[in-house]
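Student: Please take one close look at a single part of this model and what surrounds it in the description. I am new to it, so start with the plain geometry and go on step by step.

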Amino acid sequence: MILEIPNVLPPDQLAAARRAIEAADWIDGRATAGHQGAKVKDNQQLPVDHPVARQVGEQIARTLMANPLFMSAALPLHILPPMFNRYTGGQNFGTHVDGSIRTIPGTGHRMRTDLSATLFFAGPAEYDGGELIIEDTYGAKSVKLSAGSMILYPGTSLHRVTPVTRGTRLCSFFWIQSMIRDDAKRTMLFEMDVAIQRLGAENATHPSVISLTGVYHNLLRQWAEV
Ligand code: NI
């Protein structure tokens, strides 16, 4: 499932976070690329231990944990502290797949990257190019969202970022280990949850709403790793 989560950060928080990020010292993005990724990656990143990256990253993670759409779609177990990248002057990131396992900085703990997330800090009118192209089983999907919105997509996808030919593309990117490892199962649970919420909004006490909620939780109990 590829899903847009709109308005992750409200405009005032987004603007303040953006000012802090833009004023920080950036490094070559190849610092965190794997063997295959390093050959096709050309961008800049904030160092993972940069105080601004840590502070804004915590703010993003905290906000997401209170976002019902994100929680329902991702069913998160671990969120890797969000990182930040920018592309300018023709920079791009060729087709690659993200590493499947990452170490959570400062902890030594490892996590699986079931879901990838990109949160846009610059609006689409601020730069040309810079589309995130995600290869899905149904074909390629081109993603370029408004500032403050986020795309959530399977960590298994091949993807790339097209060259930025004008302006600067500024994003946060990170990974999520889900309680539900399998994308197809996670998608079914999400669709079921959305349908139950919709039914419940019309008639919260209907017996079928209660039994469907029971089925949802019993499936989660069958499949979840916690
Ligand atoms: Ni990637």
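Tutor: Helix 1 covers residues 11-22, which makes 12 residues. From its first C-alpha to its last, helix 1 reaches 16 Å, close to the 16 Å expected at 1.5 Å a residue (the expected span is 1.5 Å times one less than the number of residues). Helices (H or I, at least four residues) and strands (E, at least two) are DSSP runs, numbered from the N terminus. The model is predicted, so local features need pLDDT of at least 70 and side-chain atom pairs count only at pLDDT 80 or more, while totals for chains, interfaces and linings use all residues. Residues are numbered from 1 along each chain as its sequence is written, and side-chain values use heavy atoms, with hydrogens and water left out.

Four residues of helix 1 are buried: Leu14, Ala17, Arg18 and Ile21 (buried is under 20% relative accessible area, exposed over 50%, partly exposed in between, with a 1.4 Å probe and protein chains only). Looking down the axis of helix 1, these buried residues fall within an arc of 105°, so they line one face of the helix (the arc is that of the directions from the helix axis to the C-beta atoms). Asp12 and Arg19 are exposed on the other side of helix 1.

The part for the close look is an open sheet of 5 strands. Its order is 3-7-15-12-13, and the pairing is antiparallel (two strands pair if DSSP finds at least two bridges between them). At the edges stand strand 3 (41-42) and strand 13 (139-143); each has a single partner strand, so one side of each is left without a neighbour in the sheet.

Begin at the edge formed by strand 13. Strand 13 is joined to strand 12 (residues 132-136) by 5 bridges, and the two run antiparallel. Strand 12 and strand 13 form a hairpin with 2 residues between them. Aspartate 136 stands opposite glycine 139, a residue of strand 13.

Strand 12 also pairs with strand 15 in the antiparallel sense, over 3 bridges. There, leucine 132 has valine 161 of strand 15 as its bridge partner.

Next in the order, strand 15 (residues 159-161) is joined to strand 7 (residues 92-96) by 2 bridges, again antiparallel. One of the bridge partners is a pair of histidines: histidine 96 is matched with histidine 159 in strand 15.

These two histidines lead to the metal. A nickel ion is coordinated by His96 (NE2), Asp98 (OD) and His159 (NE2), at 2.1 Å (donors are N, O and S atoms within 2.8 Å of the metal, or 3.2 Å for Na, K and Ca; water is not among the atoms, so sites may look incomplete). Along the sequence, the spacing of the nickel donors is H-x1-D-x60-H. Aspartate 98 lies in the loop between strand 7 and strand 8 (101-103), whereas histidine 159 is in strand 15, so this pair ties together parts that are 61 residues apart in sequence.

The accessibility of two donors can be added. Aspartate 98 is buried, with a relative accessible area of 12%. Histidine 159 also counts as buried, at 4% relative accessibility.

To put the walk together: the strand order 3-7-15-12-13 includes strand 7 and strand 15, joined by 2 bridges, and the bridge partners histidine 96 and histidine 159 are both among the residues that coordinate the nickel ion.
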